Structure formats: structure tokens, C-alpha cells
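Open the model in your viewer and keep the selection panel handy. We will go from stop to stop, choosing what to select and saying what is there.

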Amino acid sequence: MSEEKEHHCCCGGGKTESSPAPEARSPESSGYICPMCPGVESEEPGDCPMCGMSLEREGPPVGVLYICPMCPEIEQDHPGDCPMCGMPLEPKTLAAGPDPHAEEEVRDLSRRFWIGLALTAPVFFIAMGKMIPGLRLGDWLSPDLSKWIELLFATPVVLWVGGIFFKKGWNSIRNRHLNMFTLIMIGVGAAFVYSVVAVLFPGFFPESFRKHGEIGLYFEAACVITVLVVLGQWLEAWARGKTGEAIQSLMGLAAKDAHRLVDGKEEDIAIERVQRGDLLRVKPGERIPIDGVVVEGKSRVDESMITGEPVPVERGVGDEVIGATVNETGAFTMRAEKVGGETVLAQIIAMVAEAQRSRAPIQKLADTVAGIFVPTVIVISVITFLVWAIWGPAPAMAYAVVNAVAVLIIACPCALGLATPMSIMVGMGRAAQSGILIKNAEVLERVEKVEVLLTDKTGTLTAGRPSVVEVETAEGVSREALVATAAAVESSSEHPLARAIVEEAEAADLEIASADDFASTTGGGVSGRVDGKRVRVGKAEFLRSAGLSLPETLVTREARWQKEANTVAWVAADEEVLGLIAIADPIKETTRSALRELHERGVRVVMATGDHEATASAVGRELGLDEVHAGLSPEDKIELVRKLKSEGRVVAMAGDGINDAPALAEADVGIAMGTGTDVAIESAGITLVKGDLHGIANAINAGQKVMRNIRQNLLFAFGYNLLGVPIAAGILYPFLGILLSPMIAGAAMSFSSVSVIANSLRLRRMKL
């Protein structure tokens, strides 16, 4: 049974043909085997009972889709070449190891190159022997025998070694989407067919093709060009494997098993069998198996593979730990909270894989140019042939063929297919290693141009771990009653300020009652029913909107605290105001240096916070911010973003809370702190795993370096072609007597691909 699928290439081509869908393979049919002990099989993952090695899945992964990096709309359930642009398809989902099909492609191209090189060498020496001093092949090889030897060796080079290019070139014509393989097929095919006919049917050619009575052969050009193109493709395939090393290294660091505690007993299980809520024991020196929370013990954890921070961090009861990070000193027990695709590592891998498949807007320009460039080159090649055939010196037709082929070969934009995708893949992989997750290539291109950064205060500029520093009660209210009442309502909230109040109550060992009918007013406060009373905790305006009258002494105290950069929460029960709680959130140690770096890059930093004007202004003065906007609701933040965008500014918004999510989505670039809420992270284009403001400067730096690398690659991809086409056409011949051999044209074409590969891989050493 076949499955009809219609795909459109993003580069603007025709439709692919329907192809039979391979028989679906059920998950049950794919078991696990030991790579060392072939007789060992299991239906579940685990370790080999014979040698102890981890079992590996038998056969290809179930449900793997392959897509084209240039034409993401092209998808199929088996590897192969893109029917539109001819590039090899890549797995849509990254696997925890090298792609066997990619490895086979590298081996195949390597085999073709070395065999092609061995067969090309005699053809080259026979054809160019007269130009090599001391090499007198004519003394022991007659001209007729030389022709037949060249034909014998050149045929497998062109038809077998270069057969893959003829197949791709034919598909490009059949699909009405001309590309680099079209030019290779026509150029190499013309040189080879011309030479074959000259050997087999020399009488077919008139005098205009002959020089000193002999017909020129171009087997060496066809062979050398083929081998050079195969070399370029081999290097490209090798380089594509290198681009994913950053993510592959992360995937390889994931733990393979875990120590699960069941009724106090410890058992070893495969990581795939860990369920949410399982208690896991983590020993010194082991990788933390899964994301979770420490419930017993403490240790120092090396989280550098996720955050890029080399200094181990303390983790104790109640602290979150990230799967695949390394437990250094102590042993602890943790509760699994996130499993499978929910873990931080899995999300990083998925996000980067998706980002690497995305296309930057600059790629659309390259596609448009390429769509015009290839047919234009074919026209120029035809014109070159006609001009040389009509007005060229003798043998005019021979010159016409050679120059027309040279135009096709040197114009071949082989490197264009690599220029943007390689930079994006390498750059995003490098950024991910530093804890900067970029959602797609469009975001990467926009972040380079950021002029204004809007930033929230709590959790972005500040540490996001606020604590209660002062408590002021109304007359007749005890401190304990005030804190316990506020904590009863705030225990249902996830806001950092709410957590500070709850922690204060817990530290004082106060009994926290449960609250019913909980409600949250974004940008205002929270309310709930505690012991039959409606308790409100929040801003002064929040209480006033409920009709409460605030004591003047407490209003004065609030103003003083706010000038000291404290956030103030009012507490009321029914109609009675119980008092105030002052909460301080220390500024992150890295904030000041990060702000200096942003200012040096010409970025204006604007605070947009829901906090009180006095508190926000105090923080703004301390940090030297360019502007401060306080008391903003989520709607106000959106309007501020829109206002700045209407002024023609490229705006980035950084935040970590639910109330930041709308503005993150509205901004040109949304930047979420990885320590924030899932909603904020989902709304953002960039996520900073570490939650450090330095990450914003690093993200802008990464965007600038990757985009500069892409522009350099496009110059390499098109530069040689644009300069070489007129020379290949013979424009310098009337003045300097210079013609460009098709072999030199092929070398220049391959050099452009090598230049793009080498330039892209430089990003692996990008300093962030």
C-alpha cells in the first residue's frame, strides 16, 4: 500500500512524487541486543547478563523521520537525497549516537573518492604528459592507445564515482528545480560525451573541432571535476557529522541507569523505567539519573554541562537537581519529578534539534538568488558556446565546448547548500553548551540587532530568592499572627515573594492553615478564605480596590521601606488591615558586570516591573539603568514593548514569571530565565538555562558571530562563482590570452565548499 504525500520545497520547486511507504514496524518488533554477545536478547533495555555492557536497540529506531536541512518541508520515513535540492536528508530527531546512515554516506563518498583518484591519475598524466618536463609518454604510448586507455579509466570515474551526481541532476530537471547538481551533470556530462564520441566516431567532427588534425579529448577534465566534487561532498558529509557533536556529547552524558529505593531496598533499573515519584539514591561520582528534588542528604553538584558554570553548587533537601549532571561529594536521595521528554536535558536536545532545522530569513534571500542564478548560468554557458563557436579562433568548436563547460563548473554553487545551515547548526550547538537555548534561526538573526532590552526585576536583575526582612503589624496584631495568616494564602502561589513569606513562617515554626477559594489578581495580589475570613495579601492598591482604608502610619512605613529597595506586601483579613511585610531580593552578583557589557554593546536597558515606583527606582539608581517603568500590569508591559517597536527599535524582553509571558511573546526577541516558569520559557525565543543576565549579552554575542559567519559563507559560496564566470567564459582572452581550464574551475568550485566548511567549524571555538 502506498502513501500519497505532496511536498513543496521551500526554495520554490515542484512537487515530489509519491513513493511507497515502507511497511510500518511495530515497537514490539524492535528488541535489545548486546553488541558483544550476539546471542543475548531482551525485550527491555538494561545490561547484558554476560558481559555487563548496556544493551542496544536492534534495528533502526521506530518512527524516525528524515528531512532536508535546506527544504524542511521535505519529509520521508527513510534516508536518501532531497528530491528538490539533492542534499542528503538528515534525521528529524537526534539519536543518542552517530547516525548510521550518515556514517555510511561518509564511507561511501570516501570509497568513491579514493577509487576515483586512483583511476583519474593515469588519465591526467596521459592527457597532461606533454606539459610535464621529462615525462615522454609518447615514446611508449601511441596516440590511439592513449585515447582508449583514457576512455577505459574515465568511464567508471564518471559513471560510477560521479553517478550520484547524475542521478541528483536528473531529479532536479525532472522536478523542475535546477540546482548545483544540474550544472555538474551538464558540465561533466558534456565533456565526457564529447570525448567518448571523439574516440568512437572521430569522423563525426568537422575541421572546426580539430587542432592540427586531432580532436581534443576532455576525459581528464571530466574525471578531475568528478573527483573534486566527490571530495567536496565527502568533506561536507564529514562536517555535518561534526556540527552535531555539541548536542551528541550532551546526549552521551545522560545516565544509563538509576538506583531505585523500594521499601527501603535498593535496586538498579534502566533509566527508561524510572517513573515520576520514584525515590532514587545518588552516590558520589555518579551522574544524577533524572530531574527531581533532593529529599534526604546533601552534596555538591557539577552542573557545568547544563549551565556552563564550572563551580559546583550546593544541593540539599528541597533543592532541585538536573539529570545528567555530576554528583561530586555526598550521597543523597531524590524524588523523580520529570521523566522522558520532560527533563531539562531532553528539552535542550529537542529545542536545539528544532532550531538547527529552522531557516534564517537570510537563507530565503540566498534561495531566491540561487533560484535565479542556476538558470542564468545555463543561459550564460549557452551564450559562451555560441560566441566561441561563431567568433572564436580555430578550433572554434573545441574552444566553445571547453569554455561552456568551464562556465557551468565554476558557477556551481555547491557551497550554497552549506552556507547557512552549517553556521546555524554549529553556532546553536556551541551556544547550547554555554546554557543558551535559541528556539530557531529567525530568533538568532533578530537578536543580533537588539537595541533595547526590557527586563523584569525579580529573578532577572535580582537573585529571585527574596526573603522577609521587616514586619510591621497594626495595633493589636502579633507578628506571628500576621505572618501565619499571610502564609496561609501565599502557600497556594508560585510567586517568589509568596515563597519568601511561606519560608518565613516555616522558619518560625508557625502553623500554616489551609486557604479555600484562592484567587490571584495579576499585578495586584492574592486572596483566599482562611478560618472563615477573606484574607488579602498584595499591593496597597489591591487592598484599596477592595474598599479597605489603610492606616497612615503603615503607609508612611511602606514609603520608607520602598526607598530602601524593599518590596512591600499588605495583609488584611475581611475589613481589618493586619500589617505590612517587607521583602528584599538581593541583586545578582553578575548583574552589574552584565549590564556594563550590554551598555558597551550599545543596548539600552529598561526595567519594566510590576513593583512599586519607589522600590523600582531605588534598584534602577543602584544599577544605573537607562529607564525604569514601575507598577506595570502584563498589559502595560505589552504596550511598552509595542511603543518601543513603533519607534523602530528592535526590542528584547527578559523575564521569568507568568506575568512576563505576554510581553516575551510580543517582543522581537523574548528571553526567558531558565529558573523561571514553564509558561515564560514557552513564550520566549531564547532560554538561559542558568538564569544569568550575562547570558543575554552572550546570546547577542552569539547572534552577531553566527550571522557574521553566515555572511562570510555566502561570500565564499557566491564570490568565486561571480568572479570566475566571466573568466571561464573567456572575457580575458582577447586582452591577456587567458582561458580557464574546466579542471581549474572544478578546483575553485571545491575550494569554495572547503572554505565554507572550515569557516563554519570555527564557531565550535566561539568564546561566550
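**Stop 1: the cores**

Begin inside this predicted model. Its largest nonpolar core has 49 residues, and those with the most contacts within it are Ile438, Val450, Leu598, Val669, Ile671, Ile686 and Ile696. Now colour helix H23, residues 694–729: this helix gives the most to the core, with 9 residues.

Which residues does Ile696 touch, leaving out those up to four places away in sequence? Show its surroundings and you will find Leu453, Leu598, Ala654, Ile671, Met673 and Leu688. Two of these names, Leu598 and Ile671, also appear in the list of core residues with the most contacts.

Next, select Val468, Ala487, Val489 and Leu578. They are among the members of a second, separate core of 39 residues.

**Stop 2: an open sheet**

Switch to a cartoon view and find the open sheet of 6 strands, which pair antiparallel in the order S10-S9-S11-S17-S12-S15. Which strands stand at the edges? They are S10 (265–270) and S15 (320–321); each has a single partner strand, so one side of each has no neighbour in the sheet.

Within this sheet, select S11 (residues 279–282) and S17 (residues 332–338). The two run antiparallel and are joined by 4 bridges. For a landmark, pick Val282, which stands opposite Phe332 in S17.

Stay here and show the side chains of Lys283 and Glu266. They form a salt bridge, with 3.0 Å between the closest N and O atoms. Lys283 sits in the loop between S11 and strand S12 (291–297), while Glu266 belongs to strand S10, and the two are 17 residues apart. Lys283 is partly exposed at 32% relative accessibility, and Glu266 is also partly exposed, with a relative accessible area of 40%.

**Stop 3: a strand with two faces**

Move along to strand S13, residues 299–302, and show its side chains. In a regular strand, side chains alternate between the two faces of the sheet. Here Ser299 and Val301 point to one face and are buried, whereas Arg300 and Asp302 point to the other and are not buried.

What does S13 pair with? It is joined to strand S14 (residues 313–315) by 3 bridges, running antiparallel, and to strand S16 (residues 326–327) by 2 bridges, again in the antiparallel sense. Arg300 stands opposite Glu314 in S14, and Asp302 has Val326 in S16 as its bridge partner.

**Stop 4: a nonpolar patch outside**

Turn on the surface and select Val379, Val382, Ile383, Leu386, Val387, Ile390 and Trp391. Together they form a nonpolar surface patch with about 700 Å² of accessible area. Click on Leu386, which lies in helix H9 (residues 361–391). Is this residue buried or partly exposed? Leu386 counts as partly exposed, because its relative accessible area is 45%, between the cut-offs of 20% and 50%.

**Stop 5: more salt bridges**

The model has 23 salt bridges in total. Try Arg479 and Glu504, whose closest N and O atoms are 3.3 Å apart. This pair links helix H14 (residues 479–490), which holds Arg479, with helix H15 (residues 496–507), which holds Glu504; the partners are 25 residues apart. Arg479 is partly exposed, at 39% relative accessibility.

Then go to Arg534 and Asp517, where the N to O distance in the salt bridge is 2.3 Å. Arg534 is in strand S23 (residues 533–538) and Asp517 in strand S21 (residues 516–521), 17 residues apart. Which of the two is buried, and which is exposed? Arg534 counts as buried at 13% relative accessibility, while Asp517 counts as exposed at 51%.

Finally, select Glu104, Arg107, Asp108, Arg111 and Arg112. Salt bridges with shared partners join these residues into one network.

**Last stop: the whole chain**

Zoom out to see the chain in full. Its secondary structure comes to 25 helices and 30 strands, and 51% of its 768 residues count as buried. Among contacts between residues at least 6 apart in sequence, 66% join residues at least 24 apart. The accessible surface comes to about 34,700 Å², and 57% of it belongs to carbon and sulfur atoms.

Technical notes
Residues numbered from 1 in each chain as written. Predicted model: local features only at pLDDT ≥ 70, side-chain atom pairs only at ≥ 80, totals over all residues. Heavy atoms only, no water. Core = buried A, V, L, I, M, F, W, Y, C linked by side-chain atoms within 4.5 Å. Buried < 20%, exposed > 50% of the residue type's maximum accessible area, 1.4 Å probe, protein only. Contact = heavy atoms within 4.5 Å. Pairing = 2+ DSSP bridges. Patch = residues over 30% accessible without salt bridge, like charges linked within 9 Å, V, L, I, M, F, W, Y side chains within 5 Å. Areas by Shrake-Rupley, 256 points an atom, 1.4 Å probe, with all protein chains shown as cover. Salt bridge = Lys/Arg side-chain N within 4 Å of Asp/Glu carboxyl O.
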